[in-house]
Amino acid sequence: MLHTPGPVLVTGANGYVASWLVKALLERGVDVHATVRDPADPEKTGHLRAIAQGASGTLSLFRADLLDPAGFDRAMMECTLVFHTASPLIVRNVEDSMRDLVEPATRGTRHVLDAADRAPSVGRVVLTSSIVATYGDAADLEDVGKDRFDESHWNTTSNVRHQPYSYSKTLSERLAWEMAGRQDRWDLVAVNPGLVLGPGLSRHTKAEGVLVMRDFGNGYYRFGAPDLEFAIVDVRDVAEAHVRAGMLPDANGRHILVAGSRTLVKIGAVLRSHFGDDFPFPRRTVSNTAALMLASRRGIPQSVAKRNLGYPLRFDSGRANDALGMSFRPPEESIVDHFQQLLDDGLVKPMASR
Ligand code: NAP
């Protein structure tokens with residue numbers, strides 16, 4: 001039984017994941033306080049205002065930046081539940097890992113949770129963490145003594161130079177548990193999604209999932225794909241898991257959200273079976289030696305490529321099924337729906353029309 005609270009706060013409400021969460025909440029009749037960096041920017045907030053128009057819940061937009069403690073107190077007023085989703089998601093070509101990832105992620109978490117400490121109405125915080133807070137590289141699985149990662153695992157191998165995005169998410173989640181443990185008025189529930197795929201509610205061309213799917217359409221893998229696996233979950237299921245993590249009275253702890261793992265070649269096969277031969281989808285796996293050369297050209301450090309190429313990447317999402325009652329869409333559905341949206345938006349084009 002879901003408990004429907006008073007107003008709820010969603011940080012980073014315009015993001016790819018958060019937009020689906022805001023939609024799910026508004027359609028359930030929940031009033032949403034939404035923080036964004038610039039409420040007046042129609043490109044960032046237009047889709048949220050449009051969703052709110054037909055919904056039974058109300059939407060109020062607030063300005064807040066992760067680096068600035070001001071802003072969250074006002075947005076959190078009267079809220080019983082806080083969804084903290086905002087965090088920089090940059091995996092490729094990070095200029096300054098400390099400035100661009102670690103600082104905003106950790107300072108933002110501290111600012112939001114400090115505000116929760118000051119807001120007497122808040123009873124629960126749901127943190128959008130990630131599977132990357134449970135592992136650093138796929139090779140880490142060899143050290144955990146199991147065939148898949150689960151909620152008992154923590155990423156101990158990332159740092160500011162090696163996998164800095166993963167490091168930023170690990171530090172943020174650890175900080176959140178530490179801050180939650182220092183008081184007993186609000187409880188913390190974490191959700192740890194895998195690679196999120198599926199259609200977006202805005203034309204968000206830089207979302208990580210969009211970048212991953214574009215590589216399939218633009219010929220990056222035309223001569224073959226590296227031996228890499230992705231652990232995939234659908235954006236609509238991630239939103240639903242957030243709602244349940246926030247509203248199920250007994251929800252607690254961490255929840256891995258992964259529908260299944262697929263290799264790049266398997267993703268190519270799924271796309272070919274649906275979209276045909278008009279796109280340069282990969283047909284074979286390239287050798288790890290060739291993949292290492294490709295990685296260099298892509299700006300992917302050799303240390304990252306070596307610790308992920310050829311290693312399986314598997315997760316146990318049983319806890320999300322049991323504790324949150326989730327049943328995930330198969331990755332094939334997310335892959336096809338996501339590529340279809342890129343096609344509809346003109347972000348990928350069939351070879352014949354280039
Ligand atoms: P996204 O679309 O890039 O959303 C990130 C949100 O964070 C945006 O609203 C962004 O605002 C906000 N943000 C970033 N830096 C900020 C700052 N300094 N101040 C205020 N807001 C800031 O990415 P997403 O995929 O929806 O990610 C949402 C959450 O899910 C993140 O915590 C991410 O780590 C987590 N996650 C994502 C995936 C995935 O595959 N997408 C997987 C696991 C976990 P702007 O639009 O103004 O930049």
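Trainee: How many residues of each class are in the shell around the ligand?

Mentor: Ala, Val, Leu, Ile, Met, Phe, Trp, Tyr, Cys and Pro count as nonpolar, Asp, Glu, Lys and Arg as charged, and the others, Gly among them, as polar. Here the shell has 11 nonpolar, 10 polar and four charged residues. This is a predicted model, where local features need pLDDT of at least 70 and side-chain atom pairs pLDDT 80 or more, while totals for chains, interfaces and linings use all residues. Numbering starts from 1 along each chain as its sequence is written, and side-chain values use heavy atoms, without hydrogens or water.

Trainee: Which residues are the closest to the ligand?

Mentor: A residue is near a molecule if one of its heavy atoms lies within 4 Å of it. The ligand is surrounded by 25 residues, and Asn-14, Arg-37, Thr-85, Tyr-165 and Lys-169 are the closest.

Trainee: Where does an oxygen atom of the ligand lie relative to Lys-44, Ser-87 and Gly-15?

Mentor: A polar contact is a pair of N or O atoms within 3.5 Å. For Lys-44, the ligand oxygen is 3.0 Å from an N or O atom of the side chain. With Ser-87 the partner is a polar backbone atom, at 3.2 Å from a ligand oxygen. Gly-15 also offers a polar backbone atom, 3.5 Å from an oxygen of the ligand.

Trainee: What share of the ligand's area does the protein bury?

Mentor: Accessible area is computed by the Shrake-Rupley method with a 1.4 Å probe. The ligand alone exposes 880 Å², and the protein buries 91% of that.

Trainee: Which elements give two or more residues to the shell?

Mentor: Elements are DSSP runs numbered from the N terminus: helices (H or I, at least four residues) and strands (E, at least two). In this model they are α1 (16-27), α5 (164-181) and β7 (195-197).

Notes
Polar contact = N/O pair within 3.5 Å; in protein donor to acceptor, adjacent residues only side chain to side chain.
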